[in-house]
Every structure is written in structure tokens, then in C-alpha cells.
Amino acid sequence: MERSTFVYDGDCAFCTRCAQFIERRIPTGARVVPWQFADLAALGLTEAECEEAVQWVGADGSRAAGPDAVAKLLGDSTSLWRAAGAGLRFPPVRAAAWPAYRWVARNRHRMPGGTAACALPQEARERLYGPTGRPTAGS
């Protein structure tokens, strides 16, 4: 693969707004593409993975999801953004980033720019977070 790819949910207005911010403000050589228009097979991704979290597929074949994908994207940018990406990879920050990411993913329809279409399907919510809305074991 020639370029790294950052994949997001193009059906979610909140996610799309975030992707537009990336395209406007974060200089990167990566393609920023909604999973609905990406060749997932070529990227080695599944729809289920893309519904659960943003994805990073590096030009070298490396993969990351959620805040780890965001850290990879930032690491592919200018020095200021690379520093932010390094901060996101710092173990205590990374440990806090995953629960925060999951909370945002569960509530993205309530975020600025979010719409009802941003809500994860009930099946996906229960698979990820259980019927109580809390992460299931192993998440």
C-alpha cells in the first residue's frame, strides 16, 4: 500500500465533522476516508471493526483502532501534531483514552454535530458495552 489510510464512519455526522477537521487542520499524507466508501478487503478491515472504532492502516501494513488510530494519524503529521500523538501513546494517557473513546462512541449522537443517525445500532452497542451500557469483559 502506498499511503496510510484513516477510516471513519461516514454515516455519522459527528465522525464526519471530525474527519473534516482532520482534513482542514492536520496535515497528513494519509487518506481520510469513510468506511462506506473504502475497499475494506484491500485494507484488511471488516465492517464490524469499522462500526466499532476509527481505524488506521499504515502504508507498512500496521493497524490500529480507536485512540491508537488517532495517535497514528497524528504521528503522521507535523511536529506539533506528532507531539500530541506521542502524548496519546503515553501509557497513562492511553489507558484513559480508551474509556473516553468508548464513551464518545456510545454518545456520539449527542455530540456537537451529531444526529440520531450517529447512534450505534442496538446490536453493536450491546456487543461492545452490554445491555447495561457498560463495557463488556474483554472490551
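Contact here means heavy atoms within 4.5 Å. The model is predicted.

**Exercise 1. Set the scene.**
How many helices and strands does the protein have, and in what order do the elements run?

*Solution.*
Step 1. Count the elements: there are 7 helices and 4 strands.
Step 2. Read them from the N terminus: β-α-β-α-α-β-β-α-α-α-α.
Step 3. Add the burial total. Of the 139 residues, 38% are buried.
Step 4. Add the contact range. Take contacts between residues at least 6 apart in sequence: 56% of them join residues at least 24 apart.

**Exercise 2. Place helix H4.**
Is H4 largely enclosed by the rest of the structure or not, and which elements do its buried residues pack against?

*Solution.*
Step 1. Apply the cut-off: buried means under 20% relative accessible area.
Step 2. List the residues of H4 that pass. They are Gly-66, Pro-67, Asp-68, Ala-69, Ala-71, Leu-73 and Leu-74.
Step 3. Draw the conclusion. That is 7 of the 10 residues of H4, so the helix is largely enclosed by the rest of the structure.
Step 4. Name the partners. The buried residues of H4 pack against strands E1 (5-8), E3 (55-57) and E4 (63-65). They also pack against helices H1 (13-25), H5 and H6 (91-107).

**Exercise 3. Describe the H4 and H5 packing.**
At what angle do the axes of H4 and H5 cross, and which residues make the contact?

*Solution.*
Step 1. Take the geometry. The axes of H4 (residues 66-75) and H5 (residues 79-89) come within 7 Å and cross at roughly 150 degrees.
Step 2. Classify the angle. Angles over 145 degrees count as roughly antiparallel, and that makes H4 roughly antiparallel to H5.
Step 3. Assign the hand: H4 passes H5 in a left-handed crossing.
Step 4. Find the contact residues. H4 supplies Pro-67, Val-70, Ala-71, Lys-72, Leu-74 and Gly-75. H5 supplies Trp-81, Arg-82, Ala-84, Gly-85, Leu-88 and Arg-89.
Step 5. Sort them by class: 7 nonpolar, 2 polar and 3 charged.

**Exercise 4. Find the aromatic pairs.**
How many aromatic pairs are there when ring centres must lie within 6.5 Å?

*Solution.*
Step 1. Count: there are 2 aromatic pairs.
Step 2. Check Phe-21 and Trp-81. Their ring centres are 6.4 Å apart and their planes are at 80 degrees, so the pair is edge-to-face.
Step 3. Locate this pair. Phe-21 lies in helix H1 and Trp-81 in helix H5, so the pair ties together parts 60 residues apart in sequence.
Step 4. Check accessibility. Phe-21, at 36%, counts as partly exposed. Trp-81, at 24%, also counts as partly exposed.
Step 5. Check Trp-98 and Tyr-101. This pair is edge-to-face too, at 6.0 Å centre to centre and 65 degrees between the planes.
Step 6. Locate Trp-98 and Tyr-101. Both lie in helix H6, 3 residues apart, about one turn of the helix.

Technical notes
Residues numbered from 1 in each chain as written. Predicted model: local features only at pLDDT ≥ 70, side-chain atom pairs only at ≥ 80, totals over all residues. Heavy atoms only, no water. Axes fitted to C-alpha atoms, helices over the stretch in contact; angles between N-to-C directions. Helix = DSSP H or I, 4+ residues; strand = E, 2+ residues; numbered from the N terminus. Parallel < 35°, antiparallel > 145°, perpendicular 65-115°, else oblique. Left-handed = near helix turned anticlockwise from the far one by under 90°. Nonpolar A, V, L, I, M, F, W, Y, C, P; charged D, E, K, R; others polar. Buried < 20%, exposed > 50% of the residue type's maximum accessible area, 1.4 Å probe, protein only. Phe/Tyr/Trp six-rings, centres within 6.5 Å; stacked < 30°, edge-to-face > 60°.
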